[in-house]
Amino acid sequence: ASTSNFRSKNADYNRRYMRQIFLEALVRYGGPRCACCGEDNIFFLTLDHKNNDGAEHRAQTGGASGKNLAWLLRKEGWPEGFQVLCFNCNCGRARNGGVCPHHGESK
């Protein structure tokens, strides 16, 4: 019973720790607000590769995304090249040749 209690407490700590790092990343990269549409609900916000090089970056980092990406960026000293976008704007950019549909014609 004590092992499962430890695991539960450890998992809770890890979730809080990673959430704190993610919130720090949102602030470091211009948020917590979508740079495109202004969405400020943190449950909708993501970190975006400004230069549309996310696939390359994930390949180099073993697939780091989401909160793991935030942890990696913190470890690397908050490098440039990232911004905060909401999930819709982030997916819109990915599916529209790097341009959010809010700011240009669909391709």
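In this predicted model, Asp 48 reaches well beyond its sequence neighbours: leaving aside those within four places, Asp 48 is in contact with Gly 81, Phe 82, Gln 83, Leu 85, Asn 90 and Arg 93. Asp 48 is found in strand β1. With a relative accessibility of 5%, Asp 48 falls under the 20% limit and therefore counts as buried. One of the contacts listed above, Arg 93, is also a salt-bridge partner: the side chains of Asp 48 and Arg 93 meet with a nitrogen-to-oxygen distance of 3.5 Å. Because Asp 48 sits in strand β1 and Arg 93 in helix α4 (residues 87-95), this pair ties together parts of the chain that are 45 residues apart in sequence. Both members of the pair, Asp 48 and Arg 93, are buried.

It helps to place this pair within the whole chain. Four helices and two strands are present, and reading along the sequence gives the pattern α-β-α-α-β-α. Of the 107 residues in the chain, 32% are buried. Among the contacts with a separation of 6 or more, 60% involve residues 24 or more positions apart. The accessible surface of the chain comes to about 7200 Å², and carbon and sulfur atoms account for 48% of that surface.

Turning to the interior, in soluble globular proteins nonpolar side chains tend to be buried together. In this model, the largest nonpolar core has 19 residues, and Tyr 29, Leu 47 and Leu 73 are those with the most contacts inside it. Two or more residues of this core come from each of α1 (2-28), β1 (45-49), α3 (66-75) and β2 (82-86). Helix α1 gives the largest share, five residues.

Where do the aromatic rings meet? The count comes to three aromatic pairs. One of them joins Tyr 13 and Tyr 17, whose rings are stacked, with 6.0 Å from centre to centre and 10° between the planes. Tyr 13 and Tyr 17 are four residues apart in helix α1, so about one helical turn separates them. Tyr 13 has a relative accessible area of 45% and is partly exposed; Tyr 17, at 29% relative accessibility, is also partly exposed. In another pair, the ring centres of Tyr 29 and Trp 78 lie 5.9 Å apart and the planes meet at 70°, so this pair is edge-to-face. Tyr 29 belongs to the loop between α1 and β1, and Trp 78 to the loop between α3 and β2, so the pair ties together parts that are 49 residues apart in sequence. Tyr 29 and Trp 78 are both buried. Ring pairs also bring in Phe 82, linking Tyr 29, Trp 78 and Phe 82 into a cluster. Two residues of this cluster have already appeared above: Tyr 29 is among the residues with the most contacts inside the largest nonpolar core, and Phe 82 is one of the contacts of Asp 48.

Charged side chains make up the remaining part of the picture. Side chains of opposite charge can pair when their charged atoms come close. The structure holds five salt bridges, including the buried pair of Asp 48 and Arg 93. Another joins Asp 12 to Arg 15, with the closest N and O atoms 2.4 Å apart. Both residues lie in helix α1, three residues apart, about one turn of the helix. Asp 12 is partly exposed at 30% relative accessibility, whereas Arg 15, at 52%, is exposed.

A further salt bridge connects Glu 24 with Arg 74, where the closest N and O atoms are 3.6 Å apart. Glu 24 lies in helix α1 and Arg 74 in helix α3, so the pair ties together parts that are 50 residues apart in sequence. Relative accessibility is 24% for Glu 24, which is therefore partly exposed, and Arg 74 counts as partly exposed at 34%. Glu 24 and Arg 74 do not stand alone: together with Arg 28 they are linked in a network of salt bridges. Helices α1 and α3 are thus tied by the Glu 24 and Arg 74 pair, and both helices also give residues to the largest nonpolar core.

Notes. Residues are numbered from 1 along each chain as its sequence is written. This is a predicted model: local features need pLDDT of at least 70, side-chain atom pairs count only at pLDDT 80 or more; totals for chains, interfaces and linings use all residues. Side-chain values use heavy atoms; hydrogens and water are left out. A nonpolar core is a set of buried Ala, Val, Leu, Ile, Met, Phe, Trp, Tyr and Cys residues joined through side-chain atoms within 4.5 Å. Buried means under 20% relative accessible area, exposed over 50%, partly exposed in between (1.4 Å probe, protein chains only). Rings of Phe, Tyr and Trp (its six-membered ring) pair if their centres lie within 6.5 Å; planes under 30 degrees apart count as stacked, over 60 as edge-to-face and the rest as tilted. Contact means heavy atoms within 4.5 Å. Accessible areas come from the Shrake-Rupley method with a 1.4 Å probe; for residues, only the protein chains shown count as cover. A salt bridge is a side-chain nitrogen of Lys or Arg within 4 Å of a carboxyl oxygen of Asp or Glu.
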